[in-house]
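Dear colleague,

I am handing over the structure below, and after it I set out what was found. Please read the notes with the model open beside them.

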Amino acid sequence: MKSSITTTSSGKLDPVSFSFIGFYILAFLFFAANAALTIILPLRSEMAGLNQAEIGLMMGSYMFTCMLLRPFAAQMLGKYGPLRVMRWLLMLHAGTLLLFIVSGVETYLWLRALQGVATAFFSMTMQAGIVERLEDKDRAQGLAMYTLFTMVPSLVIPILAVQIWQNASELAFTLLMIGLAALPMLLGYKVDLPQSTVQNKTYTLGDMLRSFSGIWRSTPLLVSSVVMLFASCVFGATATFLPLYMVSTGVASAGIFLTIQGLVVILCRFILRKKIPSDGSWNTWLMAGLMLSAALGTQLLSLMDTLGPFVYISAVFSGFALALLYPTLTTYLSFVLPADSRYVLMGIFMSSYDLGFSLGGLAMGIVVQISSYSAMFTVCTMISVAALIVVVFFRQRMEAGNKPITASASQ
């Protein structure tokens, strides 16, 4: 008779074991805070007199800081181990949320940056735990389930945040922040994280710089990072400008669109989690299909005036691409990157996501100013097609390396 904490003969855990359910709940609670603050902070800031540029800078500091610190977070994992790093970052996370209760809008920029610091360390620590604790064949499932639970807060928490704002309830906001500060700490101190990783060494600054230069020497890392950069630019532009686009046209509801997209993401990550390659192989046509899906999603958005309510079909295409792209690339790199520098290099890859998401709001905002929302989404389509071309162009080189790089081979 199996226990609730299922292990394999090698001592690895099952991705749906009781222990890993704790991982996923912790991810939900951690990202619930950002889902709430993403709604409340801009509204508070606008009421306090901040202009749109200042609000954009304040909100963007979160992803920008996260981008800068992911490789450093990976370094700390190698030096101190996931368990100790998790305890530190949860204290930082809790302290930041409590400061939001007592601080004014003039400090929101720095507090959002601190949130980005905590998130950089959290995502690296959780993904290191998944890689270390699961069998190779289950790694894709674990990463898909983790990213699923990071998305769920964006479906349910904003509704609660809007209610808190509309009722102008400071007590409710205070209780929400206290709860989201305390619960992750209580759960995080008991989560089953390893005390060390394969990358169990200290990195000097020179080592870090050499790791950054490694992106040009590794075709898998370079191609994955470029594809992720292009795709996240599209995702970031959509997240930033879709609500404004739909309000300006009145053709469709951003709330309905985002709900459909979120449901597609959740269903795909759960139902298709076992279909994501978990053996270090590169599937060109899967990646090309995901970028084609992203391109169809934005192209349909650019035709919203013509399509009318049928534009909601775009949410299905965009949701499918958003659901599978990140866990597929992350799983692939977790196999093919050298074990002794895996997490630093994966941190660089994840930084490409953060950078692309930030650029999506910044660069596409300029496109909107000089043209229109429709033209901006057409540009996004072209970016997705460019990523598709990169995938097909490097097909032979990527598929030629469909055997994992072992630690010994990388030394």
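Among the helices, α13 contributes the most to the lining of the largest cavity, namely 3 residues, where helices are DSSP runs of H or I with at least four residues, strands are runs of E with at least two, and both are numbered from the N terminus. A cavity here is a set of points, on a 1 Å grid over the protein atoms alone, where a 1.4 Å probe fits but cannot get out, and its lining residues have an atom within 4 Å of a point. Please bear in mind that this is a predicted model, in which local features need pLDDT of at least 70 and side-chain atom pairs count only at pLDDT 80 or more, while totals for chains, interfaces and linings use all residues. Residues are numbered from 1 along each chain as its sequence is written, and side-chain values use heavy atoms, with hydrogens and water left out.

Cavities

The largest cavity holds about 70 Å³ of space, a volume being the space filled by probe spheres set on the grid points, which are joined across faces, edges and corners. Its lining is made up of P277, S281, W282, N283, L286, M287, T328, L329 and Y332, and both α11 and α13 supply at least two residues of that lining. By class, the lining of the largest cavity has 6 nonpolar, 3 polar and no charged residues, where Ala, Val, Leu, Ile, Met, Phe, Trp, Tyr, Cys and Pro count as nonpolar, Asp, Glu, Lys and Arg as charged, and the others, Gly among them, as polar.

In total there are 3 cavities of 30 Å³ or more, and the second largest of them contains about 40 Å³. The residues that line the second largest cavity are F30, F31, A33, N34, Y62, H93, Q115, A118 and T119. Two or more of these lining residues come from each of α1 (18–47) and α4 (108–133), and α1 has the largest share, with 4 residues. The lining of the second largest cavity divides into 5 nonpolar, 4 polar and no charged residues.

Helix packing

Two packed helices are described by the angle between their axes and the distance between the axes. Helix α11 (residues 284–302) packs against helix α13 (residues 313–336) at an angle of about 145 degrees, with the axes 8 Å apart; the axes are lines fitted to C-alpha atoms, for helices over the stretch in contact, and the angles run from 0 to 180 degrees between N-to-C directions. The crossing of α11 and α13 is left-handed, meaning that the near helix is turned anticlockwise from the far one by less than a right angle, whereas clockwise would make a crossing right-handed. The residues in the contact of α11 with α13 comprise 15 nonpolar, 6 polar and no charged.

For α9 and α14, the packing angle is about 35 degrees and the axes are 6 Å apart, and this crossing is right-handed. The contact of α9 with α14 involves 15 nonpolar, 10 polar and no charged residues.

Individual residues

S384 is located in helix α15 (residues 373–393) and counts as buried because its relative accessibility is 0%, buried being under 20% relative accessible area, exposed over 50% and partly exposed in between (1.4 Å probe, protein chains only). Leaving aside residues up to four places away in sequence, S384 touches V234, M291, A294 and A295, contact being heavy atoms within 4.5 Å.

Y373 is also found in helix α15, but counts as partly exposed because its relative accessibility is 21%. With the same exclusion of residues up to four places away in sequence, Y373 touches F241, L244, Y245, S248 and V368. The C-alpha atoms of Y373 and L301 are separated by 9.1 Å, although the two residues are 72 residues apart along the chain.

T219 belongs to helix α9 (residues 219–249) and is buried because its relative accessibility is 17%; beyond residues up to four places away in sequence, T219 touches F394, R397 and M398. L345, in helix α14 (residues 342–370), is buried because its relative accessible area is 8%, and L345 lies 8.3 Å from A74, C-alpha to C-alpha, with their positions 271 residues apart in sequence given as the separation.

The whole chain

The chain has 16 helices and 0 strands, and 54% of its 411 residues count as buried.

With best regards

Key:
On a 1 Å grid over the protein atoms alone, a cavity is a set of points where a 1.4 Å probe fits but cannot get out, and a pocket is an open set with protein on both sides within 12 Å along at least five of seven lines; lining residues have an atom within 4 Å of a point.
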